[in-house]
Amino acid sequence: MIETVLELNNISTGYQEKIILDKISLTVKRNETLAIIGQNGSGKSTLLKTIARIISDNSGYINFKTEKIDKLATHKLREKGLSYFVQGGLVFTSLTVKEHFNLAFKGKSKVKKKALLEECYKQFPDLEKLENSLGGNLSGGQRQMLSFAMLIAQETDVWLLDEPTAGLAPKMVEQVIDFLKRMESKKTIVIVEHNDKVVGEIATRVIDLDKFKN
Amino acid sequence: MNYILHIFVLLEIYILLALSANQKVGFSGLLSLAQAVIYGVGAYGIAIFSSQLEIGYWIPFILAIGSCLILGLIFSFIAGKVIELYFSLATLAVQIIFFSVIYNSEFTNGSYGISGIASPNIFGYEINTPLDFSIYAGVWVMTVLIFLKRFYSLPLHKLIKATKDDEIAVLNLGKNPKYYKRISILISCVISGIAGTIYASYASYIDPSSFTLDESILILSIVLIGGSGRLIGPIVGALIYILLPEFLRFLNIPEMIAANMRMILFGLILVLIVRFRPNGILGKKAFR
Amino acid sequence: MLEIILQIVFNSIVSGIILSLMVIGFNYIFSVTKVFHLAHAGIFTLGAYTFWQLTDLGLHWILASTVSLSIASIIILFIEKAVYSPMTKKKTDSSVTLIASMGIYVIIVNTIAMFFGSENKIVSLSGDTFNIIDVIISTNQIIQLLVGIIIIVIFYLGIKLTKLDLSLKAIANNDILGEVYGINSKRIRSLVMIIGSAFAVIAGILTTIEIGVEPHSGMNITLSAAAVAILVTRLDVKYLTLISILLALFQNTVEWFLNAQWKEGLTFLILLLIILYKTEGLVSYKLRKN
């Protein structure tokens, strides 16, 4: 069963007057892993931000699953099943690791919460020991792990990942690749990535934005 | 006639205060909430120095302006340490400390204020009547306007403006942004100080109630309403502020209500301006 | 001497609790919306005057408080939607939003003065006083203390139980990231505006029953609250209450030994030094420096 999960139709987007992406159209099928590559400034992050509705003054339209999401606010997307890994693995500096999860679990049953928390700690055992540390006290790598765990905690099926391996040590990049490989069959992933190795190992399809441009 | 002259003197004082605030806000992007402090130092300076020293008017005048400059150095120190919101809050603190000091100290005679303040004496002619004061203040307004007009054509002024827009760029030119902020603040202080001396001599009585936080907010809003960053802005703002009650009187609104009404209208215009045209109040760096 | 100290301490706890109400409201609004909401002072006065007017017309105090809270909620929601929220959306600097807030303050206070005049309004519930170990305590102070503590405890437990504290901290920390994790940041902003203003209204009402309120009397207590907000950047009800009581103790001691006006001057002298040398606030999160 091949099903279109995400469809961008004739999207032009950017900041204020500056158009960064002009008339982009693309579709993402269920459970594929689409890698978006391109030079710095080619608009990879802008594209993800537009899908996540962080940039909202675009033309064209975006379909997510069965509905248009152009008019939706960012926070609505989570309940539709879309998560977004923010560049640099941003976390809340004043919330503990546990509190991050509690935030992601909001509205879920107790049993469900317990299962999800176990899953998070199973995938990222280090986080269990850091349960009570503030986000602001985590190292760069730990923050990125927490951001990945948040993807699981939110229990969404479509993930937008903005350079999830940027700044990580090679050993940790391997961990990320392993993690994404484990997830790949169950999730639809759109990943913006500089690291060729990551792209090569996980992507089922690659789009080069530089080629799109001309 | 005297009433019109009285209005005129007030207008001139507020033009000076607004020009002073404009130098800080309009050209250096320093949203100070202590505009009334320097004004107060000028006023209290002339009152105290002239009564304590008894050596005519002009030496106390220079001492008063000198005091304003010293305070200006304190403000430039603050501007060098903190920016944006924290600069505003630091100046807010200075405003409240200043009020506390003049309200409680013996040398300012606390809440009773100081009366019998000396008038300027020019070659034996004492400035005394409202007409004298409107001319005297007018001369100061013209002097300041001419000075500013000339100053605006200097390269120094361009660098002051550049510091507001982009401190890093000024730093890259090998110049020290703090220096340009300091110049701007000192010019502003001299102008406010002059306004303070005129007010003290004209009213011949001052008390802390003229130098409150409300007064500071008022001066700042005069500049923002008139349009900051241009020479004409402060003049327009001061005109609106001074003529508004006359307009309300024309509409037959009772005096008691008119005072509040003026502030309500002023507050409203202020909110509308910062709400719809916030750009340009601070430098571009604030909008990245 | 001992009874003087006890008296100062007792009075400080009472005024500290009222200050806490202002501090908690101000701090949550500032942290979540980034608006340095000095118009909080106007809401304080507005609440107090509405309460005074309604009880004067013979309304029961419960009804009068409810109506005061409702009116303040509607007004603050209008301010948030018409001014603060659009300004934040345009990424206006906080110092410019502060000016907008001052404009709003001027409008509210002068409107009140225009309709009600400028004299002090007191709602007299009880004039009784009694002594406990040489400390003079008025019934009104007991009411202030109890109501204040109950409100603070309800808020503290309320946000913990509903997990609202997590959303508040998250939005205060990074609103876009909060949105990414499914928090409706606009709703949180409106909510915090309403709750914060309710705190100011209650503080205003509690002040009318003891010393009374005139149109400008909201500003001094709000400035003290602002001072605490700069000192404590951490969103923690316990800390905020503790620091408020300490500040009240400091101010009352100064007031007793010097005079009333120096207390603001000294409070802000300390604040100025803190702004200049420790802008991040004294009680903030202990974060590892990178």
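**Figure 1. Which of the two pairs of chains in contact shares the most contacts?** Chains B and C do, where two residues are in contact if their C-beta atoms, placed from the backbone, lie within 7 Å. Please keep in mind that this is a predicted model, in which local features need pLDDT of at least 70, side-chain atom pairs count only at pLDDT 80 or more, and totals for chains, interfaces and linings use all residues. Residues are numbered from 1 along each chain as its sequence is written, while chains are lettered from A and ligands numbered from 1 in the order in which they are written. Chain A and chain B do not touch, and their nearest C-alpha atoms are 12 Å apart.

**Figure 2. Close-up of the contact between chains B and C.** Here 39 residues of chain B meet 37 residues of chain C. On the chain B side, two or more residues come from each of helix H3 (58-81), helix H4 (84-104), helix H9 (213-226) and helix H11 (255-276) of chain B. Helices (H or I, at least four residues) and strands (E, at least two) are DSSP runs, numbered from the N terminus. H4(B) makes the largest contribution to this side, with 14 residues. Sorted by class, the side of chain B that touches chain C holds 30 nonpolar, six polar and three charged residues. In this sorting, Ala, Val, Leu, Ile, Met, Phe, Trp, Tyr, Cys and Pro count as nonpolar, Asp, Glu, Lys and Arg as charged, and the others, Gly among them, as polar.

**Figure 3. Close-up of the contact between chains A and C.** Chain A brings 23 residues to this contact and chain C brings 17 residues. Helix H2 (76-80) and helix H3 (97-104) of chain A each give at least two residues to the side of chain A that touches chain C. H3(A) gives the most, with four residues. The classes on this side are twelve nonpolar, seven polar and four charged residues.

**Figure 4. Chain B as a whole, with its C-terminal stretch.** Chain B is built from eleven helices and four strands. Its C-alpha trace spans about 50 × 50 × 35 Å along the principal axes. The radius of gyration of chain B is 19 Å, which agrees with the value near 19 Å for a compact globule of 288 residues; it is taken over C-alpha atoms, and the globule rule is 2.2 Å times the number of residues to the power 0.38. Of the 288 residues of chain B, 50% count as buried. A residue is buried if 20 or more other C-beta atoms lie within 10 Å of its own, exposed if 12 or fewer, and partly exposed in between. Chain B has an average pLDDT (the predictor's confidence in each residue, from 0 to 100) of 87, and 96% of the residues score at least 70. Over residues 283-288 of chain B, however, pLDDT stays under 50. Where pLDDT is low, the predicted coordinates should not be read in detail.

**Figure 5. The open sheet of chain A.** Chain A has nine helices and nine strands. Five of the strands form an open sheet with parallel pairing, in the order S6-S7-S8-S3-S9 (chain A). Strand S6 (82-85) and strand S9 (205-208) of chain A are the edge strands, each pairing on one side only. From one strand to the next, the twist averages 15°, with axes as lines fitted to C-alpha atoms and angles running from 0 to 180 degrees between N-to-C directions. S3(A) and S9(A) pair in the parallel sense over four bridges; two strands pair if DSSP finds at least two bridges between them. In this pairing, A:Ile37 stands opposite A:Asp208 in S9(A).

**Figure 6. Two loop residues of chain A with positive phi.** A:Asn31 has a phi of about 65°, although it is not a glycine. Its loop runs between strand S2 (18-29) and strand S3 (33-37) of chain A. A:Asn31 counts as partly exposed because 18 other C-beta atoms lie within 10 Å. For A:Glu155, phi is near 55°, again a positive value in a residue other than glycine. A:Glu155 lies in the loop between helix H6 (140-153) and strand S7 (158-162) of chain A, and is partly exposed with 16 C-beta neighbours inside 10 Å.
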